[in-house]
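Visitor: I would love a close look at a single part of this structure. Could you pick one residue, start there, and walk me outward through its surroundings?

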Amino acid sequence: MKKLFPLLMMVALSITATSCYYDELPAVPLPENVSYQKNIQPLFNKNCIGCHKPGATAPDLTSANSYLSLVTVVNGEAVVIPSDAKNSILYEVMTGNGALVMPANGALSASKQALVEKWINDGALNN
Ligand code: HEC
């Protein structure tokens, strides 16, 4: 019986993990190719640039500067690591997995987070 317990725990954990995964699937299907200009920048325009504008809070997320602000390495760190959403500060703050949650008044919907995740994991292109 003692040996069965870890096994049961693993089964229970994997069922929980799978059901969470499905809960978080975006309601809106993701586009096959996420476009930075069409899909990502509008999110910043709507939710971020009130604070993240030139000379105010870094990173500058206004359309003329956002891409460079995200991918440029400053002090050994970039806000976006192409193809690695999980370790990108941008994705961390937008999902509330880091110390900060952005936007500060509440995380964006799962489908918007998924867009950003896919854009980063597809190589964070300026497309
Ligand atoms: C109400 C103002 C406000 C809004 C809106 C806002 N931010 Fe921020 N953001 C800040 C402030 C202030 C900081 C700096 C906080 C700090 O460094 O302690 C910050 C920091 C950040 C950082 C840097 C975190 C780091 O550790 O380097 C990122 C990335 C970020 N915000 C992304 C966003 C995104 C993306 C949005 C929109 C979805 C957004 N923010 C909306 C105020 C805001």
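Guide:

**A walk around one helix**

Let's start with Glu-117, which sits in helix H5. Keep in mind as we go that this is a predicted model.

Is Glu-117 buried or exposed? Glu-117 counts as buried because 21 C-beta neighbours lie inside 10 Å, and the cut-off for that label is 20 or more. Setting aside its neighbours within four places in sequence, Glu-117 is in contact with Ala-85 and Tyr-91. Ser-83 is 34 residues away from Glu-117 along the chain, yet their C-alpha atoms are separated by 9.0 Å.

Now step back to the helix itself. H5 covers residues 110-121, which makes 12 residues. From its first C-alpha to its last, H5 reaches 16 Å, close to the 16 Å expected at 1.5 Å a residue. Glu-117 has company in being buried: Ala-114, Leu-115, Val-116, Trp-119 and Ile-120 of H5 are buried too. A bit of background helps when you look at a list like that. An α-helix has 3.6 residues a turn, so residues three or four places apart point the same way. What do the buried residues of H5 pack against? They pack against helix H2, residues 36-47, and against H4. Just after H5, Gly-123 takes a positive phi of about 110°.

Next, let's see how H5 fits into the interior. The largest nonpolar core has 20 residues, and Leu-90, Val-116, Trp-119 and Ile-120 touch the most other members. H2, H4 and H5 are the elements that give two or more residues to this core. Its largest share, 5 residues, comes from H5. As a general point, nonpolar side chains in soluble globular proteins tend to be buried together.

Trp-119 is a good place to pause. Apart from neighbours within four places in sequence, Trp-119 is in contact with Val-34, Tyr-36, Asn-39, Ile-40 and Ala-124. Let's follow one of those partners, Tyr-36, which is found in helix H2. Tyr-36 counts as partly exposed because 15 C-beta neighbours lie inside 10 Å. Beyond four places in sequence, the contacts of Tyr-36 include Trp-119 once more, along with Gln-41, Tyr-67, Leu-125, Asn-126 and Asn-127. Tyr-36 and Val-116 are 80 residues apart along the chain, while their C-alpha atoms are separated by 9.0 Å.

H4 leads us somewhere else: the ligand. Helix H4, residues 89-95, gives the most to the shell around the ligand, with 4 residues. There are 17 residues around the ligand, and Asn-47, Cys-48, Cys-51, Met-102 and Pro-103 come nearest. Which classes make up that shell? The shell has 13 nonpolar and 4 polar residues, and no charged ones.

Finally, let's zoom out to the whole chain. It has 5 helices and 0 strands, so to speak an α-α-α-α-α pattern when read along the sequence. Buried residues make up 20% of the 127 residues in the chain. Among contacts with a separation of 6 or more, 48% join residues 24 or more positions apart.

One last tip concerns confidence. The chain averages a pLDDT of 87, and 80% of the residues score at least 70. Among the elements, helix H3 (residues 66-71) has the highest mean pLDDT, 98, and helix H1 (residues 4-23) the lowest, 61. Where pLDDT is low, the predicted coordinates should not be read in detail.

Definitions and conventions: Residues are numbered from 1 along each chain as its sequence is written. A residue is near a molecule or strand if its C-beta atom, placed from the backbone, lies within 6 Å of it. Ala, Val, Leu, Ile, Met, Phe, Trp, Tyr, Cys and Pro count as nonpolar, Asp, Glu, Lys and Arg as charged, and the others, Gly among them, as polar. The expected span of a helix is 1.5 Å times one less than its number of residues. A residue is buried if 20 or more other C-beta atoms lie within 10 Å of its own, exposed if 12 or fewer, and partly exposed in between; C-beta atoms are placed from the backbone. Two residues are in contact if their C-beta atoms, placed from the backbone, lie within 7 Å. A nonpolar core is a set of buried Ala, Val, Leu, Ile, Met, Phe, Trp, Tyr and Cys residues joined through C-beta atoms within 7 Å. pLDDT is the predictor's confidence in each residue, from 0 to 100.
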